[in-house]
Amino acid sequence: MITRKKIIYPVNEALRRYLRLYQREKKLPVTYTQLRDFLETIPVIDARGKDTLWESVLYPHEQQNEIHNGLKKIYAMLKAGGDEKVQRHLYIERIDFCTFGNTHPFRIKIVNSYNDVHDYFYVKIADASRVYGLELEHILSPNQLNYLVHENTLVEEHIAGIPGDVFLPLYSERPEFNPKRIGKEFVKFNERCFVRLLGDMRAYNFVFDITPDFDDFQFRIRAIDFDQQFFEGSLKIYLPQYFKENYPYVDMALKHFNKDVMMQYQQEERALIARRIKEERHRLRDLRDILVADEISTSEKIKQLGFELAEYYEDNAFERCTSMGELIDRSLKRVLVTTHVKQSNM
């Protein structure tokens, strides 16, 4: 079971020093607290007339220009290194507020006035769990991420793609899409999440990035929600295969692959992660030193997860871990050791 209301952990000073070192912390012209000072809201309805659980917010007239200008500056910081020239042809079309979830984010729709092309970005409460999740995604996954932190505010770029729960009914049966490639990517995504302990990857918390190749389509699954980065105690929370929302993807993999093929894909993914660990070893070491001392879960959950990981891997070292930082450190070390052993035996 996932905790219904996850604890929001503050970004401590050690983590802030890390963020400054790697240019993730910068003073922002608009904060999350300022965005919460809206007057009224209007429900956002989708094309089918369904309530999206997002609400478009309205601000007092005297505040609106200041907020919009500040948000355009943030977008320039996020996308263009702070070059304010890019702001001249941008305008804020809408600011939406999410009424569910742990961090109650704002979604900003920004439009290019020259060609009407729009983009999104998000302003959220700076939860340490989410920051660690974003940083580990940037370092260990195939995906690069842009985000900024300032005081209690976290700004994230929009991760484009087709949501996993939308992809299934609308796209998975298309004849040009090879179900074996979809199943393969789900197996690899499942392994990525488990190795770096990213939880709650139900179908609506990841998206499909689809790339046409010269003879087929390639698929990549990208996580879009990082609230549940090593917080829960149950091992199954970190394996997307166990969520009922993902069963069709599990069935797709089981239909087309035997155990040996799935183990091959799992090992391929671990080998890629091991390569990234080696390439980013100095950055990971800096992050690890902060993580092991940070309080980002409860002692009960840490103990439970350590026990279950020890049982899963048949490695008692997990049981001796006293923080989530030590658990993720042990998990990544296992990837390095087992990948090295397997390559040495080839």
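In this predicted model, begin by selecting helices H4 and H9, which are roughly antiparallel to each other because their axes cross at roughly 155° and angles over 145 degrees count as roughly antiparallel. Helix H4 covers residues 128–140 and helix H9 covers residues 281–291, and their axes come within 11 Å. If you look at the way one helix passes over the other, the crossing of H4 and H9 is left-handed.

Next, show the side chains where these two helices meet. From H4, select Tyr132, Glu135, Leu136, His138, Ile139 and Leu140, and from H9 select Arg283, Leu284, Leu287, Ile290 and Leu291, since these are the residues that meet in the contact. Coloured by character, the residues of this contact of H4 with H9 divide into eight nonpolar, one polar and two charged.

Keep Leu140 of H4 selected, as Leu140 also belongs to the lining of the largest cavity. A search of the whole structure finds two cavities of 30 Å³ or more, and the largest has a volume of about 80 Å³. To display its lining, add Glu137, Ser141, Asn143, Phe189, Arg192, Cys193, Arg196, Leu198, Ile221, Ala223 and Ile273 to Leu140. The elements that give two or more residues to this lining are H4, H6 and strand S10, the last of which spans 217–223, and H6 gives the most, with three residues. By character, the lining of the largest cavity divides into seven nonpolar, two polar and three charged residues.

For the second largest cavity, which has a volume of about 30 Å³, select Leu134, Leu145, Asn146, Tyr147, Glu156, Glu157 and Ile159, the residues that line it. Here the division is four nonpolar, one polar and two charged.

Finally, turn from the cavities to the second largest pocket, which has a volume of about 700 Å³. Which residues are the closest to the centre of this pocket? Of the 23 residues that line the second largest pocket, those closest to its centre are Glu191, Met262, Met263, Gln266 and Tyr312, and these make a good selection to start from. You can then widen the view to the elements that give two or more residues to the lining, namely helix H6 (179–195), helix H7 (247–256), helix H8 (259–279), helix H10 (299–313) and helix H11 (324–344). The largest share of this pocket's lining, six residues, comes from H8. Coloured by character once more, the lining of the second largest pocket divides into 13 nonpolar, five polar and five charged residues.

Key
Residues numbered from 1 in each chain as written. Predicted model: local features only at pLDDT ≥ 70, side-chain atom pairs only at ≥ 80, totals over all residues. Heavy atoms only, no water. Axes fitted to C-alpha atoms, helices over the stretch in contact; angles between N-to-C directions. Helix = DSSP H or I, 4+ residues; strand = E, 2+ residues; numbered from the N terminus. Parallel < 35°, antiparallel > 145°, perpendicular 65-115°, else oblique. Left-handed = near helix turned anticlockwise from the far one by under 90°. Contact = heavy atoms within 4.5 Å. Nonpolar A, V, L, I, M, F, W, Y, C, P; charged D, E, K, R; others polar. 1 Å grid on protein atoms, 1.4 Å probe; cavity = no way out; pocket = protein on both sides within 12 Å on 5 of 7 lines; lining within 4 Å. Points joined across faces, edges and corners; volume = space filled by probe spheres on them.
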